[in-house]
Amino acid sequence: MRMPLIAGNWKMNGSLALVEEFGRAFADVSLPVSVEVALMVPFPFLDAAGRALGETSVTVGAQTLSDQPSGAFTGEVSAAMLRECGARLVLVGHSERRTLFGEDDAAVLARVKAALSEELTPVLCVGETLEEREAERTEAVVLGQVEAVFDALDAAERARLVVAYEPVWAIGTGRTASPEQAQAVHAAIRGCLARYDAGLADGMRLLYGGSMKADNAAELLAQPDIDGGLVGGASLKVDDFLAICQSAG
Ligand code: PGA
């Protein structure tokens with residue numbers, strides 16, 4: 001049985017006041033015990049989020065990390081620093097990192113390895129652009145991004161990842177993949193992982209991301225190969241995010 005994971009991705013949004021609001025709301029609500037919830041906040045809020053959510057079951061994570069352990073890399077943040085500030089997960093290869101900050105597959109792999117070296121769970125993000133989907137290259141692109149990382153890891157490392165499928169055309173656009181479209185790609189990813197190891201494929205949590213909202217989460221999460229969500233915009237409103245978490249139970 002794969003435990004669903006709902007991860008909020010605040011991107012470069014939010015405030016310390018919002019962190020406090022989430023802390024109060026999650027302290028007051030009982031989440032389904034069968035659901036894991038994580039909040040990926042901007043670096044400066046990690047410590048406060050860890051404290052505000054410390055009495056809840058919500059895990060705190062970051063949105064990217066350096067591929068280097070330390071040194072003269074002005075502005076960068078290492079995996080060890082994230083861990084020290086309470087992060088337990090980290091997004092790697094989000095499409096905004098790939099397109100806006102030039103992270104290619106090699107850069108994504110280096111960050112996955114850096115995260116693993118500090119016992120952080122890398123949430124590897126993959127997804128195709130609209131152009132690639134229309135050219136019927138969705139599977140080739142997505143599986144290529146998956147293989148670029150999984151090929152370079154050993155069996156124990158592979159089992160420590162979470163994969164998030166986020167069609168780029170659905171991120172922040174209000175345009176969600178239909179449950180059938182999402183399920184088809186998730187099944188393809190699981191099939192790809194089965195080529196490494198059947199147990200790996202069976203245990204791997206595959207999250208869907210891209211305009212997941214309170215009113216479409218249930219039907220997406222009902223798909224057999226969708227094991228949770230990576231939620232951007234809707235994770236900034238506590239009621240919407242709570243509703244999505246509830247619908248995963
Ligand atoms: P969205 O973002 O839910 O606002 O589409 C998802 C993401 O980028 O992780």
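Let's start at the ligand, where one of its oxygen atoms sits 2.7 Å from an N or O atom in the side chain of K11. Keep in mind as you look around that this is a predicted model. K11 has company here: 13 residues surround the ligand, and K11, H94, E166, G172 and S211 are the closest. E166 also brings its side chain in, with an N or O atom 2.6 Å from an oxygen atom of the ligand. With G232 the backbone does the job instead, since a backbone N or O atom of that residue lies 2.8 Å from a ligand oxygen.

Now let's leave the ligand and look at how some of the helices pack. Find helix α1, which covers residues 16-28, and helix α12, which covers residues 238-247. Their axes are 10 Å apart, and the two helices pack at an angle of about 40°. An angle like that falls outside the ranges for roughly parallel, antiparallel or perpendicular, so α1 and α12 count as oblique to each other. The crossing itself is right-handed. Which residues make the contact? On the α1 side they are E21, F22, A25 and F26, and on the α12 side V238, F241, L242 and C245. Sort these residues by class and you get seven nonpolar, one charged and no polar.

A second pair to look at is helix α5, residues 105-117, with helix α7, residues 138-150. Here the axes come within 9 Å and cross at roughly 45°, and α5 and α7 are therefore oblique to each other. As α5 passes α7, the crossing is right-handed. From α5, the contact uses D105, V108, L109 and V112, while α7 supplies G144, Q145, A148 and V149. What mix of classes does the contact of α5 with α7 have? There are five nonpolar residues, two polar and one charged.

Finally, let's zoom in on a single residue. E132 belongs to helix α6, which runs over residues 130-134. Its side chain reaches the backbone nitrogen of T129 at 2.8 Å. If you leave aside residues up to four places away in sequence, E132 touches R137, T138 and V141. You can also trace from E132 to W169: the two are 37 residues apart in sequence, and their C-alpha atoms are 10.0 Å apart in space.

Methods
Residues numbered from 1 in each chain as written. Predicted model: local features only at pLDDT ≥ 70, side-chain atom pairs only at ≥ 80, totals over all residues. Heavy atoms only, no water. Axes fitted to C-alpha atoms, helices over the stretch in contact; angles between N-to-C directions. Helix = DSSP H or I, 4+ residues; strand = E, 2+ residues; numbered from the N terminus. Parallel < 35°, antiparallel > 145°, perpendicular 65-115°, else oblique. Left-handed = near helix turned anticlockwise from the far one by under 90°. Contact = heavy atoms within 4.5 Å. Nonpolar A, V, L, I, M, F, W, Y, C, P; charged D, E, K, R; others polar. Near = heavy atom within 4 Å. Polar contact = N/O pair within 3.5 Å; in protein donor to acceptor, adjacent residues only side chain to side chain.
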